[in-house]
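User: Could you take a close look at one part of this structure for me? I'd love a connected walk through its surroundings.

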Amino acid sequence: MRVLVACSAGMSTSLFVQRIKDAAKTEGVDLQIEAVSISEARSLLQNNKYDLLLLGPQVAFMKNQMEKELGNSLPVRVINSQDYGLMRVENVLKQILDIVNH
């Protein structure tokens, strides 16, 4: 399962993504997840296969635009701002699994 997480600069989500990786490992979930800037995400999505694009709350306003650019190639979701702010990575991991496995 490959997930790309995009935010303004890719910096603020790095710690969050690391904690998601740790939670996935603890749960025995095979998850490749990386945090990048929204502009880097655009480049990566053109050349690589992902199962999900998660947007950080700070770029939630770009959801419709990214869905339009990507068509139906993969789901685009926004990380819940409370889960993000409170580092509730278990909730986000559950969200990832629900989206990708359905």
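User: Where does Thr13 lie?

Analyst: Happy to help! Do keep in mind that this is a predicted model. Thr13 sits in the loop that runs between strand 1 (2–7) and helix 1 (14–27). Its relative accessibility is 0%, so Thr13 counts as buried, the cut-off being under 20%. Beyond its neighbours within four places in sequence, Thr13 is in contact with Val5, Cys7, Ala35, Gln58 and Tyr84. Leu55 is 42 residues away from Thr13 along the chain, and their C-alpha atoms are separated by 9.5 Å.

The elements flanking this loop also take part in the nonpolar packing. The largest nonpolar core has 19 residues, and those with the most contacts inside it are Val3, Ile20, Leu31, Ile33, Leu54 and Ile96. Strand 1 and helix 1 each supply at least two residues of this core, as do strand 3 (52–55) and helix 5 (89–100). Leaving out residues up to four places away in sequence, Leu31 touches Met1, Val3, Ile20, Ala24, Leu93 and Ile96. There is also a second, separate core of 16 residues, with Leu4, Ile38, Leu45 and Leu70 among them. In soluble globular proteins, nonpolar side chains tend to be buried together.

For a polar counterpart, have a look at Ser37, which is found in strand 2 (residues 32–37). With 12% relative accessibility, Ser37 counts as buried because the limit is under 20%. The Ser37 side chain makes a polar contact with the side chain of Ser39 at 3.2 Å, and the side chain of Ser37 also reaches the backbone nitrogen of Glu40 at 3.1 Å.

Note on methods
Residues are numbered from 1 along each chain as its sequence is written. This is a predicted model: local features need pLDDT of at least 70, side-chain atom pairs count only at pLDDT 80 or more; totals for chains, interfaces and linings use all residues. Side-chain values use heavy atoms; hydrogens and water are left out. Helices (H or I, at least four residues) and strands (E, at least two) are DSSP runs, numbered from the N terminus. Buried means under 20% relative accessible area, exposed over 50%, partly exposed in between (1.4 Å probe, protein chains only). Contact means heavy atoms within 4.5 Å. A nonpolar core is a set of buried Ala, Val, Leu, Ile, Met, Phe, Trp, Tyr and Cys residues joined through side-chain atoms within 4.5 Å. A polar contact is a pair of N or O atoms within 3.5 Å; within protein, one must be able to donate a hydrogen and the other to accept it, and residues adjacent in sequence count only if both atoms are side-chain atoms.
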